[in-house]
Each structure stands twice: as C-alpha cells, then as structure tokens.
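Q: I am new to this structure and would like a close look at a single part of it, namely how two of its helices lie against each other. Please then carry on from there into the surrounding features, one after another.

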Amino acid sequence: MRIATYNVNSIHARLPSLQRWLQETSPDVACLQELKTPSEKFPEAAIRELGYGVIWHGQKSYNGVAILSKGCEPTEIRRALPGDPEDLHSRYIEAVVRDVVIGCLYLPNGNPAPGEKFDYKLRWLERLRVHAAELIGSGNAVVLAGDYNVIPTGNDVYKPERWVDDALFRVETREAFGRIVEQGWVDAIRHLHPDATIYTFWDYFRNAYGRDAGLRIDHLLLNAPALRRLKAGGVNRDVRGWEKPSDHAPTWIELED
DNA sequence: ATGTCCCGCACGGCGGGA
C-alpha cells in the first residue's frame with residue numbers, strides 16, 4: 001500500500017501534473033495540500049476518472065486538503081484539527097483507507113517570525129500534539145502525512161545557517177515538532193534513509209531546483225503498527241522538474257498490505 | 001533585498017501569501 005503526500009500549490013494550476021503523476025506512480029493513497037480552491041470548484045470528476053475515491057476540504061484562495069484513495073472511498077473521520085473551533089483554515093482532513101488511519105495536514109508556514117502568524121503556527125503544532133497523542137495508541141496503523149512546514153534538523157536544508165530565523169527552522173518550531181515525535185512517532189523518510197540528503201521542496205526563486213537548494217518539509221509520521229509494515233519510501237523529485245511544477249515534490253512510503 | 005508562482009479581483013496589473 002503506497003501512501004503519498006503532495007503539496008500541489010493550486011489544484012487547478014497543477015491538474016495536468018497531478019493526473020500524470022497519479023497515472024505514472026499509481027499511489028494507493030494521495031494526500032494533497034494547498035488546493036487553493038473553494039470546495040465547490042474542486043475537480044472531483046477529473047480525479048474520479050483516474051479511478052480514485054476522494055474527500056476534500058477546500059477554501060477560497062488559500063489552504064485546502066484532500067485524500068484520494070485508489071479504487072475505494074476514503075471513510076472520513078474529521079475535517080478539522082480539534083482544539084480551536086474558531087480556526088476556519090482548511091488545513092486538516094482525516095480518513096480511514098482500508099485498515100490505515102490517514103491524517104492529511106497542511107501546517108501553517110508561520111512567517112514572518114516572530115509575529116501573529118508564528119504564534120498561530122505554534123498553537124497549531126500544539127493542537128496537533130494533543131490530537132496525535134489520541135491517535136497513536138488507537139490500535140490502528142496511523143500515518144500523519146503532509147506539508148509540515150518544519151525543517152526537522154540541519155541535515156534537512158541546503159544551508160541551515162541561512163534559515164535559523166525562519167519560521168520553518170526556528171528553535172521553537174523544531175522543539176514543538178520534537179514534542180510530537182517523542183510520543184513515539186517515526187519520521188518514515190529519515191528512518192529509511194538516515195544519512196541521505198533528501199529534499200521535498202525547492203522554492204521558485206534563484207533556480208533553487210537546478211542548484212538543489214531544497215528543504216525537507218513534507219513528512220510522513222508513523223505510529224508503531226504502521227512502522228512495522230514500512231517497506232520503502234522516497235521522493236518523486238523529478239516531478240519538481242516537470243513543466244509548470246509545484247514548488248513541492250510528492251513524497252511517498254510503501255506499507256505491507 | 002532579491003527572486004517566482006498562484007490567488008482574487010475583474011481585464012490590468014497589484015496586493016497577499018508562500
């Protein structure tokens with residue numbers, strides 16, 4: 001069972017690339033972020049034509065998340081991260097696909113930091129910590145996949161010294177992410193490739209992809225039942241080199257059925 | 001500081017977000 005996460009940076013702008021990627025790699029589950037569309041304009045038919053069931057939670061202009069599952073419908077559990085009913089950003093959707101609980105998340109960027117946006121990011125990370133604690137021991141295999149907007153360590157960025165004041169790499173951000181991981185979650189890609197340089201994002205500026213000046217910010221966190229089934233994982237980095245790419249590349253893992 | 005892409009608004013670039 002292959003599970004992928006892909007920040008598309010607009011589902012409409014990215015539909016040709018998304019279709020090509022789904023056809024070429026055929027993931028069983030695809031978690032999408034940054035749809036940038038109201039729910040009613042989500043291209044449901046185009047997704048279903050490729051053989052995927054789908055649930056989504058859109059928002060005009062910003063954010064937006066979706067879970068696609070090949071050959072079946074995701075069974076929705078929730079479409080908001082608990083803990084703040086006044087937070088209306090579409091940043092979280094959760095479903096069961098076959099026997100795996102999938103949380104699809106788009107964590108706030110948080111820049112500029114410090115500031116209100118950074119405070120919101122840290123509150124969101126704390127809400128995720130509380131919810132992750134509920135999920136981890138639920139008895140199911142659980143995968144929390146998405147754009148975390150967190151660079152976990154200096155090995156996950158091309159020049160860490162340039163990012164120390166950025167909301168993606170500030171100490172507060174890494175510590176908040178660490179408090180989630182220490183519950184017993186495993187960062188699947190780093191677990192499989194402990195010493196490799198792996199990026200999932202290259203910004204559109206200054207030929208970042210051509211220079212391989214990237215960041216690793218798209219993660220799949222696994223609880224123990226999921227980790228026991230982990231076989232492989234990686235990044236479809238060539239997708240970042242396609243015409244009209246997202247600034248992120250799809251990141252995937254394979255679990256035993 | 002800059003760079004680029006995408007959105008809405010509303011048809012021409014501009015502001016906001018990343």
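A: In this predicted model, helices α3 and α4 are roughly parallel to each other, because the angle between their axes falls under the 35 degrees that serves as the limit for that description. Two packed helices are described by the angle between their axes and the distance between the axes. Here the axes of α3, which covers residues 116-136, and of α4, which covers residues 171-181, cross at roughly 10° and come within 9 Å. On the side of α3, the residues that take part in the meeting are F118, K121, L122, L125, L128, R129 and A132, and on the side of α4 they are E172, T173, A176, F177, R179 and I180. Sorted by class, this contact of α3 with α4 is made up of 8 nonpolar, 4 charged and 1 polar residues.

Just ahead of α3 in the sequence comes the loop between β7 and α3, where P112 lies and where P114 is also found. The peptide bond that joins N111 and P112 is cis, with omega at about 0°, and the bond from A113 to P114 is likewise cis, with omega near 0°.

Strand β7 leads on to the interior, since the largest nonpolar core, a set of 26 residues, draws its largest share, 4 residues, from β7. At least two residues of this core are supplied by each of β2 (29-33), β4 (65-70), β6 (92-97), β7 (100-106), β8 (141-147), α5 (188-192), β10 (218-222) and β12 (251-255). The residues with the most contacts inside the core are I3, I67, I102, V143 and I253. If residues up to four places away in sequence are not counted, I253 touches M1, R2, I3, V143, A188, I189, L220, L222, L230, A232 and G233.

A charged residue can be followed in strand β6, which is the place of E94. E94 has a relative accessible area of 1% and is therefore buried, the limit for that word being under 20%. The side chain of E94 makes a polar contact, at 2.4 Å, with the side chain of Y92. When neighbours within four places in sequence are left aside, E94 is in contact with I55, I67, T75, E76, I77, R78, V101, I102, G103, H131 and L135.

The loop between β11 (230-235) and β12 holds K244, and S246 lies in this loop between β11 and β12 as well. K244 is not a glycine, yet phi there has a positive value near 50°, and with a relative accessible area of 55% K244 is exposed. S246, by contrast, counts as buried at 1% relative accessibility. The side chain of S246 reaches the backbone nitrogen of H248 at 3.0 Å, and, not counting residues up to four places away in sequence, S246 touches Y6, N7, V8, N9, R14, Y204 and R240.

One further residue can be set beside K244, namely K36, which is found in the loop between β2 and α2 (44-49). K36 is not a glycine either, and has a positive phi of about 55°, while its relative accessible area of 32% makes K36 partly exposed.

Terms used: Residues are numbered from 1 along each chain as its sequence is written. Chains are lettered from A and ligands numbered from 1 in the order in which they are written. This is a predicted model: local features need pLDDT of at least 70, side-chain atom pairs count only at pLDDT 80 or more; totals for chains, interfaces and linings use all residues. Side-chain values use heavy atoms; hydrogens and water are left out. Axes are lines fitted to C-alpha atoms, for helices over the stretch in contact, and angles run from 0 to 180 degrees between N-to-C directions. Angles under 35 degrees count as roughly parallel, over 145 as roughly antiparallel, 65 to 115 as roughly perpendicular and the rest as oblique. Contact means heavy atoms within 4.5 Å. Ala, Val, Leu, Ile, Met, Phe, Trp, Tyr, Cys and Pro count as nonpolar, Asp, Glu, Lys and Arg as charged, and the others, Gly among them, as polar. A nonpolar core is a set of buried Ala, Val, Leu, Ile, Met, Phe, Trp, Tyr and Cys residues joined through side-chain atoms within 4.5 Å. Buried means under 20% relative accessible area, exposed over 50%, partly exposed in between (1.4 Å probe, protein chains only). A polar contact is a pair of N or O atoms within 3.5 Å; within protein, one must be able to donate a hydrogen and the other to accept it, and residues adjacent in sequence count only if both atoms are side-chain atoms.
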